[in-house]
Amino acid sequence: MSGAPRFSLRQLAYFVAIAEAGTISEAAQRLHISQPAVSLALNDLERALKVQLCVRRKAHGVTLTPTGTQVLHRARRLLRQAEDLEGEAGAGEGALAGVLSLGCYVTLAPTVLPPLLQGFSALHPGLTVDFAEATQDVLQRRLLSGELDLAVIYDMDVLPEMARAELFTMRPHILLPADHPLADRESVSLHELAEEPMVLLDAAPSSHHALGLCHAFGLVPRVRYRPTSYEVARALVGRGMGFSILVQRPSNDRTYEGFRVVIKEIAEPVRAEAVLLAWPRAVTLNRRAEEFLRYCRRAALPAGARPEPFGAQESQA
């Protein structure tokens, strides 16, 4: 056939497995095939493309060349498209099949992911949704590398390469232990906490956001603890070890240890933060991702979210 590629999807799949595993032997184990077969597929792919995709060193695994990194991103997308074709052809008219790879920012995941996964899976039982929880910088890297189709993130530190659709907004708040002297107040000024220790959630972009709020009102907070886990931050606050500035608002007012925490509105004028569904601008969404985006705009909002912006227009900015 004229114009047919000189490489196969199988060779691309083996190359992706090698890149992700870091060694040919580990890739062979994951693929459940022999190591020589994987090595041969890599050689044939490099020969077909007329480029060196990786450098192989004994005892040091495989390192991608710059060209290899570029080919890896394209290979993932081609494999996804092939999977789309196979799934849609076998699923019947209107049905979704295959795998949707979804990412979610770690603090949003416990309240946003479960209802979305349950509702979307009920509508499309033939579809598998794989999800990953990570910090926002990691999620955006994985989107650009082709590992994820979509990611639920905050509208904070979003790369210009990202397209996004706003889903809803949530207003940041102060978290205090229930026995704090200001716990009975409806709102609390950041200035009133200026001399108290701060528990800073150190999971990008939460730390940048909290510090940015303080600096915007002329404050330099006394950061005492930097947990990377949302629940650890709540646990420290629950024990009276500091206050925290957070965005996510779980319904449960108890920490894992049973200590009660209270949410207080910030007295200073602070904006509500948008929660987005994001994907690379250079990528055309497949049918699974398009349907998930439509579903997200119709789904029920998590606790603490403001309903009016839900379903806002998507932006390519």
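**Notebook: pocket, cavity, cores and one helix**

I began with the largest pocket and sorted its lining by class, which gave 7 nonpolar, 4 polar and 4 charged residues. I keep in mind throughout that this is a predicted model.

Next I looked up how much space the largest pocket holds, and the value came out at about 280 Å³. Its lining is made of 15 residues, and those closest to the centre of the pocket are Arg 77, Arg 80, Asp 149, Val 283 and Thr 284. I then asked which element gives the largest share of this lining. The entry I wrote down is helix α4, residues 66-91, from which 4 residues of the lining come.

I turned from the pocket to enclosed space, and found that the structure holds 1 cavity of 30 Å³ or more. About 100 Å³ of space lies in the largest cavity, and of the 13 residues that line it, Leu 201, Ser 206, Ile 245, Leu 246 and Val 247 are the closest to its centre. Two or more lining residues are given by α7 (206-216) and by β11 (244-246), with α7 giving the most, namely 3 residues. By class, I noted 9 nonpolar and 4 polar residues in the lining of this cavity, and no charged ones.

My next entry concerns the nonpolar cores. The largest of them has 55 residues, and within it Leu 102, Leu 150, Leu 277 and Phe 292 have the most contacts. I followed Leu 102 further, setting aside its neighbours within four places in sequence, and listed its contacts, among them Leu 113, Leu 117, Val 129, Phe 131 and Leu 148. Leu 102 is also in contact with Leu 150, Leu 277 and Phe 292, the other three residues named for the most contacts inside this core. Asp 130 is on the contact list of Leu 102 as well, and I recorded it as charged by class. A second core, separate from the largest one, has 19 residues, including Ala 210, Leu 213, Leu 219 and Val 270.

Last, I examined helix α2, residues 24-31, and asked which of its residues are buried. They are Ile 24, Ala 27 and Ala 28. Because these residues cover an arc of only 100° around the axis, they lie on the same side of α2. I then checked what covers the buried residues of α2, and the list includes α1 (9-21), α3 (35-49), β1 (54-57) and β2 (61-64). Just after α2 I came to His 32, which takes a positive phi of about 60°.

Note on methods: Residues are numbered from 1 along each chain as its sequence is written. This is a predicted model: local features need pLDDT of at least 70, side-chain atom pairs count only at pLDDT 80 or more; totals for chains, interfaces and linings use all residues. Side-chain values use heavy atoms; hydrogens and water are left out. On a 1 Å grid over the protein atoms alone, a cavity is a set of points where a 1.4 Å probe fits but cannot get out, and a pocket is an open set with protein on both sides within 12 Å along at least five of seven lines; lining residues have an atom within 4 Å of a point. Grid points are joined across faces, edges and corners, and a volume is the space filled by probe spheres set on the points. A nonpolar core is a set of buried Ala, Val, Leu, Ile, Met, Phe, Trp, Tyr and Cys residues joined through side-chain atoms within 4.5 Å. Buried means under 20% relative accessible area, exposed over 50%, partly exposed in between (1.4 Å probe, protein chains only). Contact means heavy atoms within 4.5 Å. The arc is that of the directions from the helix axis to the C-beta atoms.
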